[in-house]
Amino acid sequence: MSNGESPLMRSKSWSAAVLPPLSSSQHHAYVSVSAKMPAWIVMAVVLAMPSIVPLAAMGSAVPAKQSAPSAQRQASPDEDRNEVASDMEQDRQDQEQEKRDREQEKRDREQEARDREQEKKDREQERLDRLTELYDNGREALDEDRYDRAEAKFDQLAQMSGPQTDAALYWKAYAENRLGKRDTALANIAELKRRFPQSRWLKDANALELEVRQSSGQPVHPEAEKDEELRMLALRGIMNSDPERAVPILGKRLESGSATPKEKSQALFVLAQSGSPQAREILGKVARGQNNPDLQRKAIQYLAMFGGAESRKTLAEVYASTSDASIKRSILRAYMIGGDREHLFDAAKSEKDDEVKREAIRQLGLIHAQSELQQLYRTDNSPAVRRELLQAFFLAGDAPKLLEAAQSEKDPELRRVAVRNLGLIHSDDSAKALQSIYAKETDRGIKEEVLNAYFIQGNAAAIVTIARGEKDPELKRTAVSKLSIMHSKEATDYLMEILQKN
């Protein structure tokens, strides 16, 4: 109580020093309470009043606390705009990727459809090749007098219901007659007549039926076959010494119903050796279809070997008059034998049957008719025809045209075919062309086809070069996988290099 101050006064002076400024109502309450209580109690109450001190403290702290959110509010619009822009860019990229994926799926579906169609064609072609193989094997067995084997081959061919079914039934009956199987031979002849009333084998079948009915059902005596051989030997001898007498006799044997198919075939061969106008005339008659299709095809082949303008004219007339695709193909091969570009080109341009058209294109490739093939490629937009033309360019060795197609063709499948056929041409020009394609190409499928082409060529050095510079992991793995099965020093050295680096 120094200086004469009362406790109340001391508490007031202390509170003034400790407490923040109070409002008039707060100050009045404080004075009222402090006047009635001891000073130490007043101090305790004051210290226990959280509502006063925190408020006072907040008075100076609030502006500081408000400054940080204010700064955040100033930074947020820029960050938000950047985030929105980033999201929009990501959405755009996602949409573009989705569009590319849809387009790729569409291309994949289209490619799958083309592949299925091509597989279907390939299976049909394999079937036709198998039928031709059976027929040729059966005829070969007949020529070798192996009638049991011929019967089996023609029986299998007849059951496959192909375009040679009528011929198969005839030759099966022929072989069975030679084996003494009279009843089954007659049954096959009857089936031929019933199923194929317009068949060109009917004339031969009728003659065979007469022979079967007249026979005893036993195997043909060896003497009969020897007589046939003797007749042909005699005719060859006459042809060498006096062709004018032999030619009419051979013509009659071809028209005779009693002459065997083997005898007629030999007669055609002898005529083809003659070179006389009379022989060519007889061959022309057979080529026009006066006998069975087998003899007709042989006559067409022999006319091609005969050569000359008259032979080519006859073949062109037969081609124009027939609707038999097998005969047309035989004539096209005859054109190839004779190097007849003009008629092959005409057939390739005007033929309506796709199979026959492709045959004409193949034959143009075999005679290296590059100019004609290039004209066809410019004018015919059919994918199937262009595919065949690309194959013909390979047959003709036309690497520049294959390179042009591989770089400019719009159809990806045709581009792959062009690249594949380039790989089949083993030359420096082909290798350089493939290198040029790979360097400029963006389509992964085409690049993989280039790798396949190099693999077909056995060009490990080119694949190593690609593998070293390729950034696409998938393509690099494809290159390395091909190198792993190529037995070459370049491939082995590069594979060892990969192992040492990893």
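Which residue caps the N-terminal end of helix 13? It is N292, with a side-chain oxygen lying 3.0 Å from the backbone nitrogen of D294. Before going further, please keep in mind that this is a predicted model.

Let us stay with helix 13 for a moment. Helix 13 covers residues 293-306, 14 residues in total, and runs 20 Å from its first C-alpha to its last, close to the 20 Å expected at 1.5 Å a residue. Most of helix 13 is covered, with 10 of its 14 residues buried. D294, whose backbone nitrogen receives the cap, is one of these buried residues, and P293, L295 and F306 are also among them. Beyond the other end of the helix comes G307, where phi is positive, near 75°.

Helix 6 makes a good companion to look at next. This helix spans residues 165-178. Its 14 residues should span 20 Å at 1.5 Å a residue, and its end C-alpha atoms are indeed 20 Å apart. Here 14 of the 14 residues are buried, so helix 6 is largely enclosed by the rest of the structure. Just after helix 6, G180 adopts a positive phi of about 85°.

Helix 6 also brings us to the aromatic residues. A pair of aromatic rings is described by the distance of the centres and the angle of the planes. The structure has 9 aromatic pairs. In one of them, the ring centres of W171 and W201 are 5.6 Å apart and the planes stand at 70°; an angle over 60 degrees counts as edge-to-face, so that is what this pair is. W171 sits in helix 6, while W201 lies in the loop between helix 7 (182-195) and helix 8 (202-214), so the contact ties together parts that are 30 residues apart in sequence. W171 is buried, at a relative accessible area of 2%, and W201 likewise counts as buried at 2% relative accessibility. If you widen the view around these two tryptophans, you will find one aromatic cluster made up of Y135, F154, Y170, W171, Y174 and W201.

A second aromatic pair joins Y377 and F393. Their ring centres are 5.8 Å apart with the planes at 55°, so the pair is tilted. Y377 belongs to helix 18 and F393 to helix 19, and the two residues are 16 apart along the chain. Both of them are buried.

Aromatic rings also meet charged side chains in this model. K447 lies over the face of Y438, 4.7 Å from the ring centre. K482 is placed over the face of F455, at 5.4 Å from the ring centre.

What about charges that meet each other? Side chains of opposite charge can pair when their charged atoms come close. How many salt bridges does the structure hold? The count is 37, and three of them are worth visiting in turn.

Start with E359 and R333, whose side chains meet in a salt bridge at 3.5 Å, N to O. This pair links distant parts of the chain, with E359 in helix 17 (residues 354-366) and R333 in helix 15 (residues 325-337), 26 residues apart. The two partners can be described by their exposure: E359 is buried, with a relative accessible area of 5%, whereas R333 is partly exposed, at 38%.

Helix 17 also supplies K357, which forms a salt bridge with D380; the closest N and O atoms are 3.9 Å apart. D380 lies in the loop between helix 18 (370-379) and helix 19 (383-396), so this link reaches across 23 residues of sequence. D380 is buried, with a relative accessible area of 18%, and K357 also counts as buried, at 7% relative accessibility.

Further along the chain, E449 and R420 pair through a salt bridge of 3.4 Å, N to O. E449 is in helix 23 (residues 444-457) and R420 in helix 21 (residues 412-424), 29 residues apart. At 9% relative accessibility E449 counts as buried, while R420, at 28%, counts as partly exposed. To finish, return to R333 and E359: salt bridges that share partners join them with R362 and E388 into one network.

Terms used:
Residues numbered from 1 in each chain as written. Predicted model: local features only at pLDDT ≥ 70, side-chain atom pairs only at ≥ 80, totals over all residues. Heavy atoms only, no water. Salt bridge = Lys/Arg side-chain N within 4 Å of Asp/Glu carboxyl O. Helix = DSSP H or I, 4+ residues; strand = E, 2+ residues; numbered from the N terminus. Buried < 20%, exposed > 50% of the residue type's maximum accessible area, 1.4 Å probe, protein only. Expected span 1.5 Å × (residues − 1). Polar contact = N/O pair within 3.5 Å; in protein donor to acceptor, adjacent residues only side chain to side chain. Phe/Tyr/Trp six-rings, centres within 6.5 Å; stacked < 30°, edge-to-face > 60°. Lys NZ or Arg CZ within 6 Å of the ring centre and 35° of its normal.
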